Amino acid sequence: MSGHNLQPSVQKFKAFVKQHPHIKDHLRKNHGLIQSYYEKWMILGEDDAFWDTLPEVKSEGKMSKKEWMKQFGVLLQEIDWEDVSKHIDDLNGAIGQIQQIISNVQQDKQERRPPVEYPYY
């Protein structure tokens, strides 16, 4: 939606939000706040202390490589490797059974084929 079709008060609110990144973060995190923030902006104005009391939103997407690696290391430590090994063994057993079923079906097909009576040269 272009800014030209918006009411002037909505355009001013949009400009206000652009000037205050922490408010923008709140609105991105919870879109349901847009109407209530707009109404507060209309009633309280831009200079009210309410806008300064909003807590900073933690950005989950902007994690440094060092933090990411630390979190990944913690996840690796929490893994029960014995449990993972048991699951892998179970999968290997299931795959072996499937392979056995396939080979049995193939053998059955070969046994059911009638022998060729006239050789083709």
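Leaving aside residues up to four places away in sequence, histidine 22 touches Trp51, Leu54 and Glu56 in this predicted model. Histidine 22 belongs to helix α2, which spans residues 21-29, and its side chain reaches the backbone oxygen of tryptophan 51 at 2.8 Å. With a relative accessible area of 13%, histidine 22 counts as buried, because the cut-off for that class is under 20%.

Two of the residues that histidine 22 touches, Trp51 and Leu54, also appear in the largest nonpolar core, where they are joined by Phe13, Phe16, Val17, Ile23, Leu27, Tyr37, Tyr38 and Trp41 to give 10 residues. Helices α1 (8-19), α2 and α3 (33-44) each supply at least two residues of this core. Phenylalanine 13, one of the core residues, touches Leu27, Ile34, Tyr37, Tyr38 and Trp41, again not counting residues up to four places away in sequence.

From the core, the reader can turn to the surface. There, Met63, Trp68, Met69, Phe72, Leu76, Ile79 and Trp81 form a nonpolar patch, and together they have about 700 Å² of accessible area. Helix α5, which covers residues 65-78, provides the largest share of this patch, namely 4 residues. Tryptophan 81, also a member of the patch, lies instead in helix α6, which runs over residues 81-112. Tryptophan 81 has a relative accessible area of 52% and is therefore exposed, since that class begins over 50%.

Terms used. Residues are numbered from 1 along each chain as its sequence is written. This is a predicted model: local features need pLDDT of at least 70, side-chain atom pairs count only at pLDDT 80 or more; totals for chains, interfaces and linings use all residues. Side-chain values use heavy atoms; hydrogens and water are left out. Buried means under 20% relative accessible area, exposed over 50%, partly exposed in between (1.4 Å probe, protein chains only). A polar contact is a pair of N or O atoms within 3.5 Å; within protein, one must be able to donate a hydrogen and the other to accept it, and residues adjacent in sequence count only if both atoms are side-chain atoms. Contact means heavy atoms within 4.5 Å. Patches are made of residues with over 30% relative accessible area and no salt bridge: like charges are joined within 9 Å, nonpolar side chains (Val, Leu, Ile, Met, Phe, Trp, Tyr) within 5 Å. Accessible areas come from the Shrake-Rupley method with a 1.4 Å probe; for residues, only the protein chains shown count as cover. A salt bridge is a side-chain nitrogen of Lys or Arg within 4 Å of a carboxyl oxygen of Asp or Glu. A nonpolar core is a set of buried Ala, Val, Leu, Ile, Met, Phe, Trp, Tyr and Cys residues joined through side-chain atoms within 4.5 Å.
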